[in-house]
Structures are given as C-alpha cells and as structure tokens.
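Got the coordinates loaded and wondering where to look? Let's take a walk through the model together, from overall fold to empty space.

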Amino acid sequence: MNPKDSDSMKEIIRGYLFENISLEELHNDEDLVEYGIINSLFAIQMLTFLEKEFCIKITLDDMEMDNFKSVNSLYGMVEAKQVLKNKPV
Amino acid sequence: MKKPAFMFPGLGSQYPGMGRAFYENYKIVKETFEEAEDTLGIDLAEVCFTPKAEKELAGAETGRLAMLTISIAIYRLFMEQINISPQFCLGHSLGSYSALCCAGVIDFSDMLHIIRHRGIIVNQVNARLNGIMAWVVNLDNQITEKIVRENSQQGMELYVSAYDSPNQVSISGRRNLVMSLVQKVEKAGGLLYPLKHSGPFHCPLMQDTVEPFRHVLGKYHFCPPACPVISNNDGRPYEVENRLVTTLAHHLVKPVQWQESTRYLVKQGVTIAVEMGPNKVLKHLIQSSTNSIKTYSMEKQKDLDILQQALLKE
C-alpha cells in the first residue's frame with residue numbers, strides 16, 4: 001500500500017460511510033454514535049473494510065465505540081496502528 | 001418480475017430511534033405499535049423512541065418484543081406501499097418468528113405472547129449459567145471450529161452457535177471460557193466480539209428451555225404459510241403442519257444455520273432479498289456469502305423510494 005496522507009485516508013473512510021449508511025452530509029467531527037448512525041454491529045462490519053484497506057489488524061481492545069464515533073476518531077485509530085506497524089523493531 | 005426473499009433480523013439489531021420516521025409518517029406502523037401495547041401492556045413506542053429508555057431497549061427481554069414489533073410494522077408498511085409478495089421468508093434466530101408471522105402462520109398478538117414466554121423461559125435458564133455468546137469474525141469457519149474443539153472441556157463445553165457467513169460464526173459457552181479465546185482468535189487473525197445482553201444461546205447448555213417452550217407452543221394454532229419460510233435449523237422450509245412446534249423448540253439448542261439458508265436461497269434462484277428491519281446485519285451477511293443475491297434494506301424513509309424503483313424494475 002502506498003503511504004496515504006491524512007486527507008485521502010479520511011476520504012476513503014467517508015466513502016465507506018456514505019456507501020453503507022444513509023447520510024446527507026457528514027462533518028469529520030460529527031458524532032456518529034450519538035446520532036445512532038454507528039453502533040457496535042456496524043463497527044464489526046466496518047472493521048473488515050478498515051483492516052483490508054489500510055493493512056492493519058484490529059483487536060478487541062480497539063472495539064471501543066470512542067474509536068468509531070467520528071471520521072476523525074476512525075482516522076486516528078488507523079493512523080496509530082500504521083505508525084505502530086511501521087516502527088522499526 | 002422476480003419475487004424477493006424477505007429477511008428478518010434477530011435480537012441485537014435494535015437501536016434507539018429505529019423506524020422513527022416510519023412511525024411518525026405512517027398510520028399502519030403506529031397501529032402496529034398500538035396493537036403490541038394493547039397485547040402486552042408495554043408502550044414499545046416509548047421504549048424505541050425515547051433516549052432514556054435505551055437500556056431497556058438494549059436488554060433482551062424488551063428488545064425481543066421491540067424487534068418483533070418493528071419488523072412486523074415494517075413488513076406491513078412495505079405491503080401497503082409496494083405490495084410485492086415474497087417468494088420466501090426467513091429470519092435470523094428470533095427473526096424466524098417475524099418471518100413466520102408475516103407468512104401468516106400465526107397472528108401478531110399471539111406471536112407477541114409466544115415471544116414473551118420464550119424470553120422468560122430463556123432468561124430463567126440463562127440466569128443459572130453465566131454464559132455468553134460471541135461473534136468470531138474475519139476468520140475461516142473451519143479454523144474457528146478447530147479453536148472451539150481444542151478448548152472445549154468436559155463439563156465446560158464450547159459450541160459454535162451460529163453459522164453466519166464463510167468467515168463469521170457465533171460461539172456460545174460459559175463466560176470465562178469464551179473470553180479466554182480472545183487472544184487465540186486474534187493470534188489466528190480474527191476477532192472475537194462478545195455480544196452484550198446475550199447468553200449461551202443456540203447450544204445444548206440451553207437444554208432446559210426445550211420442554212417448557214414446547215409446552216407453550218402447544219397452546220397455539222398454526223396455519224399453513226402463504227409462502228415457504230426457511231428454518232434456521234437446517235436451512236430448509238419449515239414443515240408447518242407436522243413439525244413446527246418441535247422444530248422451534250429444538251432451535252433453542254441448535255446452531256443458527258444462516259449460511260445454509262443463504263445457500264438454499266441461491267439454489268432456488270432467488271436474486272433479490274429485502275431486510276425487513278433495522279441495522280442491515282443480514283444484508284451484510286448475505287453480501288459476504290454470495291454475489292448472486294442483490295440485497296436491500298427497508299429501514300429508513302428513503303428506502304421506500306429505492307425499493308419501489310429497484311423492485312418494479314426487476
């Protein structure tokens with residue numbers, strides 16, 4: 001996977017959300033959990049997409065709804081995992 | 001025109017505010033909630049649509065009744081607005097009861113009573129067990145089965161309790177034992193996700209529910225279905241006239257064969273399926289199992305337009 005900058009990563013996440021849930025518009029900080037847009041079942045569906053798209057591994061510890069609550073928090077989780085993965089051992 | 005299959009979701013798909021626009025805009029949906037209230041004495045509209053009732057809705061007891069009610073309401077709305085009858089009905093676990101109800105096997109108020117009793121029986125047995133159900137996702141089912149087999153001990157068994165898609169099953173067992181698999185599953189490349197408000201459903205740990213539930217079912221009269229309803233026990237149509245009571249009672253201790261049901265739909269030439277209820281879980285499961293069924297959901301206001309166009313075009 002080519003390294004992606006934060007904007008294009010966020011666009012990819014937004015693209016998935018628009019494709020899979022009924023949304024008119026979406027701000028990157030909008031709380032998707034509070035509005036009932038994202039719940040744990042959708043998070044489970046989404047994790048497959050995130051793992052494949054960004055070559056990361058999501059574990060049970062990551063399945064906190066805080067990580068899934070907005071585009072920015074999803075991006076934050078993915079980015080933190082990528083940094084961890086790329087760190088020289 | 002090709003006839004669709006109607007799919008009905010089970011416990012866990014409910015969320016606060018589900019179906020609110022339908023409830024506010026369509027008399028038939030409101031009347032379905034009123035019918036449930038008259039039957040049960042519970043204001044399910046308040047449970048579904050006021051945020052302070054979130055905990056009650058999430059719990060299994062009221063959650064089951066809310067899922068049945070919203071599913072029937074959505075089905076009735078679909079028939080009123082679009083009026084295309086299904087080739088098959090099917091549901092996931094509790095959703096099977098919505099499917100049977102919509103196929104005309106039993107009326108809605110009787111089904112509410114049955115589901116309430118089923119819930120009481122399941123909760124009583126569950127309270128003694130300290131068990132849980134968990135999803136194992138993104139892992140080949142054969143590998144999950146191997147992990148389950150290797151970690152099952154005599155007197156402390158683990159079971160696969162639902163076959164959802166080629167890479168997703170549910171497992172059931174005592175809480176500690178299920179949770180001890182978290183790292184093993186992650187090491188194998190998957191994820192284990194414990195389901196809140198669950199118990200060790202659909203496995204032999206629930207054996208004590210079978211006879212009491214059979215007794216409850218014995219009090220009701222079941223009619224032949226308007227279309228075949230596919231059973232979770234084996235992914236084949238229920239034999240309503242001869243074996244329905246036994247099949248439903250045994251389903252409490254048998255795994256949900258959703259994947260087998262999907263295969264059956266494909267074999268029968270079904271190419272369109274509509275999920276009648278909240279949350280799109282079944283849509284997702286079908287999509288991860290086969291490319292030959294196009295799936296839609298009937299959940300939000302705009303789905304009515306989408307469905308109208310898509311189904312009348314086919």
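What follows goes from the build of chain B to the nonpolar core, and then to a cavity and a pocket.

Keep in mind that this is a predicted model. Start with chain B, where you can count 15 helices and 10 strands. Its C-alpha trace covers about 55 × 45 × 45 Å along the principal axes. How does that fit with a compact globule? For 314 residues, such a globule would have a radius of gyration near 20 Å, and chain B comes in at 19 Å, so the two agree. Burial can be put in numbers too: 59% of the 314 residues in chain B are buried. As for the contacts in chain B with a separation of 6 or more, 75% of them link residues 24 or more positions apart.

Now for the greasy part. In soluble globular proteins, nonpolar side chains tend to be buried together. Here, the largest nonpolar core has 147 residues. Which residues have the most contacts inside it? They are A:Leu17 and A:Leu50 from chain A, plus B:Phe33, B:Phe78, B:Ile171 and B:Met298 from chain B. Helix α5 of chain B, residues 60-81, supplies the largest share of this core, with 12 residues. To see one of those well-connected residues up close, pick B:Phe33: setting aside neighbours within four places in sequence, B:Phe33 is in contact with B:Tyr23, B:Leu44, B:Ala45, B:Cys48, B:Phe49, B:Thr69, B:Ile70 and B:Ala73.

Next, the gaps. Rolling a probe the size of a water molecule over the atoms shows where empty space is left. How many cavities of 30 Å³ or more turn up in the whole structure? Just one, and it holds about 40 Å³ of space. Its lining includes A:Leu41, A:Ile44 and A:Gln45 on one chain, and B:Trp135, B:Gln168, B:Val281, B:His284 and B:Leu285 on the other. The elements giving two or more residues to that lining are α2 of chain A and α14 of chain B. By class, the cavity lining has five nonpolar, three polar and no charged residues.

Finally, turn to the second largest pocket, with a volume of about 780 Å³. It is lined by 31 residues, and nearest its centre lie A:Tyr16, A:Asn20, A:Gln45, B:His284 and B:Gln287. Elements giving two or more residues to this lining are α1 (6-20) and α2 (40-54) of chain A, along with α14 (281-289), β10 (294-298) and α15 (301-313) of chain B. The largest share, eight residues, comes from α2(A). By class, the pocket lining has nine nonpolar, 14 polar and eight charged residues.

Notes:
Residues numbered from 1 in each chain as written. Chains lettered and ligands numbered in written order. Predicted model: local features only at pLDDT ≥ 70, side-chain atom pairs only at ≥ 80, totals over all residues. Heavy atoms only, no water. 1 Å grid on protein atoms, 1.4 Å probe; cavity = no way out; pocket = protein on both sides within 12 Å on 5 of 7 lines; lining within 4 Å. Points joined across faces, edges and corners; volume = space filled by probe spheres on them. Helix = DSSP H or I, 4+ residues; strand = E, 2+ residues; numbered from the N terminus. Nonpolar A, V, L, I, M, F, W, Y, C, P; charged D, E, K, R; others polar. Core = buried A, V, L, I, M, F, W, Y, C linked by side-chain atoms within 4.5 Å. Buried < 20%, exposed > 50% of the residue type's maximum accessible area, 1.4 Å probe, protein only. Contact = heavy atoms within 4.5 Å. Rg over C-alpha atoms; globule rule 2.2 N^0.38 Å.
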